[in-house]
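Open the model in your viewer and show it as a cartoon, with side chains hidden for now. The stops below say what to select and what is there.

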Amino acid sequence: MRRFSIRLTTKLMSAVGVVILAACTGSGADAGAVESAGSQSGEARSISAAEKQKGAEAHPQLLEEFGGAYTGPQVAYVVQVGQNIAVQSGLGNARSDFTVTLLNSPVNNAFAIPGGYVYLTRQLMALMNDEAEMAGVLGHEVGHVAARHSEKRQKAATRNSILGILGQIGAQVLLGDSAIGRLGQEVFGTGSQLLTLKYSRAQEYEADDLGIRYLASAGYDPQALSTMLYSLAAQSAIDVRAAGRDARSAPEWSSTHPDPARRVSRAASNARKLGGSGGLRNRDQFLQKLDGILYGDDPKQGVIEGNNFLHPDLKLKFTVPNGFSMQNGARAVSFTGSSGQGQFTTAAYNGNMTSYIDAAFKSLVGEGKSISYGGIEKTTVNGLPAAYATGRVDSDNGQVDVTVFAYEFSKSSAFHFATIVPAGRASVFSPMYQSMGRLSAAQVAAIKPRKVDIVTVKNGDTISSLSSRMAYSTYQKDRFLVLNRLRATDELQAGQKVKIITY
């Protein structure tokens with residue numbers, strides 16, 4: 001979460017037709033939930049002038065929203081591989097037709113938009129184990145564009161808040177076609193979303209098929225996409241467990257995208273039809289390029305440590321309840337769990353907490369709508385002046401309570417939570433509200449960035465010994481295994497290259 005940033009609008013996201021990979025991984029994004037099934041041919045057409053213009057207009061705002069462009073030495077390599085795989089789609093005749101960007105984002109994500117713009121996060125790159133896997137992911141995203149999935153989603157995007165992609169409450173909230181309406185659906189049940197699940201799954205499968213085809217035509221091992229999907233599924237399971245949730249608790253039908261395990265086997269089967277395994281993997285070159293890349297949160301944007309959010313620049317911290325997961329965005333920290341959802345963000349503040357809270361409620365609704373809330377209560381939390389109010393709203397799925405809880409950090413600076421829960425259950429967030437506080441100088445100094453370190457296995461090294469070097473206090477071995485696509489029964493060989501995460 002950075003202090004100031006541009007917010008993507010529903011209109012922009014609909015216009016450019018962003019297709020997000022994170023939803024494919026089960027990590028929480030919901031880009032494809034509203035896609036409609038259509039052509040399965042995957043026929044590509046050239047990039048039009050209108051698409052180029054839309055892409056060029058959206059590009060700066062996408063960069064802003066997803067952490068900005070990464071500036072490490074990996075950038076040129078990602079661009080080279082991305083353009084090489086994108087040109088296989090037939091959308092462009094030259095590699096220069098495609099703008100490939102490595103994003104400074106701690107989320108496992110990739111996406112593409114019409115106009116030849118392709119994006120990969122550094123976090124997802126770190127999960128990969130060879131160049132072919134990177135090409136497969138980028139090919140999958142280009143496949144969405146080649147199959148015109150974004151066009152088929154534009155009408156649906158007007159009915160569903162595309163800001164859900166960003167894990168934010170966003171500019172329009174309340175009931176039906178709003179972000180809080182969407183959050184309410186997730187809190188109370190999936191409702192009509194279940195009717196559209198098969199469509200997004202069909203399009204995800206189609207993008208998988210196209211990505212595999214592009215891999216083969218570029219000379220890569222077509223199995224690479226299935227091995228990458230395997231790593232994504234495993235990482236998703238760890239993320240769920242680290243958040244204190246049961247990885248088995250979410251059945252496939254509750255996801256807006258295909259079950260990861262099924263996608264792995266399906267992709268592997270389709271790759272075999274193209275000649276099985278074989279082709280380039282380029283593991284050594286990939287690991288050499290990957291070495292040193294930033295991993296996890298960039299401290300300049302705040303860091304998530306377990307249930308804690310720490311921002312060294314803003315010098316603040318808070319803790320979400322057990323069972324809730326967090327996602328750090330450019331303008332907000334989003335958190336979600338089975339009993340509620342919300343975000344932590346900021347707005348203009350002139351020293352009047354009452355007007356600040358009123359403005360926060362107004363920012364949660366579309367034009368012509370309002371939230372009727374009770375009296376504003378004032379309090380103090382860990383030395384910070386604070387105030388809060390709660391409004392009860394009728395939704396299609398029942399009544400919900402919307403709370404704004406704000407804190408004054410200075411006479412010109414304030415931050416607030418905006419949360420939604422089923423009516424009468426607002427207390428689930430009470431410990432979080434009371435956890436807000438300032439970071440001490442020592443706590444700020446202790447926040448350090450993590451990075452990927454490529455090490456060569458020595459005689460005597462084991463999975464356990466190398467796992468102990470992972471810069472985490474929990475799930476060290478699990479994280480090491482997933483990061484390197486290893487099984488607990490595997491034996492490491494001297495001279496083998498593996499990834500560990502260090503400070």
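In which hand of crossing does α4 pass α6? Keep in mind that this is a predicted model. Select helix α4, residues 75–86, together with helix α6, residues 131–146. The crossing of α4 past α6 is right-handed. The two helices pack with axes 9 Å apart, at an angle of about 55 degrees. An angle in that range makes α4 and α6 oblique to each other.

Now show the side chains between them. From α4, pick Tyr 77, Val 78, Val 81, Gly 82, Ile 85 and Ala 86. They meet Glu 131, Met 134, Ala 135, Leu 138, Gly 139 and Val 142 in α6. By type, the residues of this contact between α4 and α6 are nine nonpolar, two polar and one charged.

Stay with Ile 85 and add Ser 217, which lies in helix α9, residues 197–217. The C-alpha atoms of Ile 85 and Ser 217 are separated by 8.7 Å, with their positions 132 residues apart along the chain. Is Ser 217 buried or exposed? Ser 217 is partly exposed, since its relative accessible area is 47%.

**A second helix pair**

Select helix α10, residues 224–242, and helix α17, residues 476–483. Here the packing angle is about 160 degrees, and the axes are 9 Å apart. At that angle α10 is roughly antiparallel to α17. The crossing of α10 past α17 is left-handed. On the α10 side, the contact is made by Ser 231, Ala 234, Gln 235, Ile 238, Arg 241 and Ala 242. On the α17 side, look for Asp 478, Arg 479 and Val 482. The residues of the contact of α10 with α17 comprise four nonpolar, two polar and three charged.

**The four-stranded sheet**

Hide the helices and turn to the strands. Four of them form an open sheet in the order β6-β7-β8-β16, with antiparallel pairing. The edges are β6 (303–305) and β16 (437–438); each has a single partner strand, so one side of each has no neighbour in the sheet. Zoom in on β7, residues 308–311, and β8, residues 316–319, which are antiparallel and paired over four bridges. Click on Leu 310: its bridge partner in β8 is Lys 317.

**The seven-stranded sheet**

What is the order of the strands in the open sheet of seven? Following the sheet across, the order is β9-β10-β11-β15-β14-β13-β12, and the pairing is antiparallel. The edge strands are β9 and β12 (377–381), each with a single partner, so one side of each is left without a neighbour in the sheet. From one strand to the next, the twist averages 20 degrees.

Start at the β9 edge. Strand β9, residues 325–328, is joined by four bridges to strand β10, residues 333–337, and the two run antiparallel. Between β9 and β10 is a hairpin of four residues. Ser 325 stands opposite Thr 336 in β10.

Then go to the β12 edge. β12 pairs with strand β13, residues 384–395, in the antiparallel sense over five bridges. Thr 379 is the residue opposite Ala 386 in β13.

For the last stop, bring back helix α13, residues 353–363. Helix α13 lies across β11 (340–346), β12, β13, β14 (398–410) and β15 (413–422). Its direction is at about 140 degrees to β14.

Notes: Residues are numbered from 1 along each chain as its sequence is written. This is a predicted model: local features need pLDDT of at least 70, side-chain atom pairs count only at pLDDT 80 or more; totals for chains, interfaces and linings use all residues. Side-chain values use heavy atoms; hydrogens and water are left out. Two strands pair if DSSP finds at least two bridges between them. Axes are lines fitted to C-alpha atoms, for helices over the stretch in contact, and angles run from 0 to 180 degrees between N-to-C directions. Angles under 35 degrees count as roughly parallel, over 145 as roughly antiparallel, 65 to 115 as roughly perpendicular and the rest as oblique. A crossing is left-handed if the near helix is turned anticlockwise from the far one by less than a right angle, and right-handed if clockwise. Contact means heavy atoms within 4.5 Å. Ala, Val, Leu, Ile, Met, Phe, Trp, Tyr, Cys and Pro count as nonpolar, Asp, Glu, Lys and Arg as charged, and the others, Gly among them, as polar. Buried means under 20% relative accessible area, exposed over 50%, partly exposed in between (1.4 Å probe, protein chains only).
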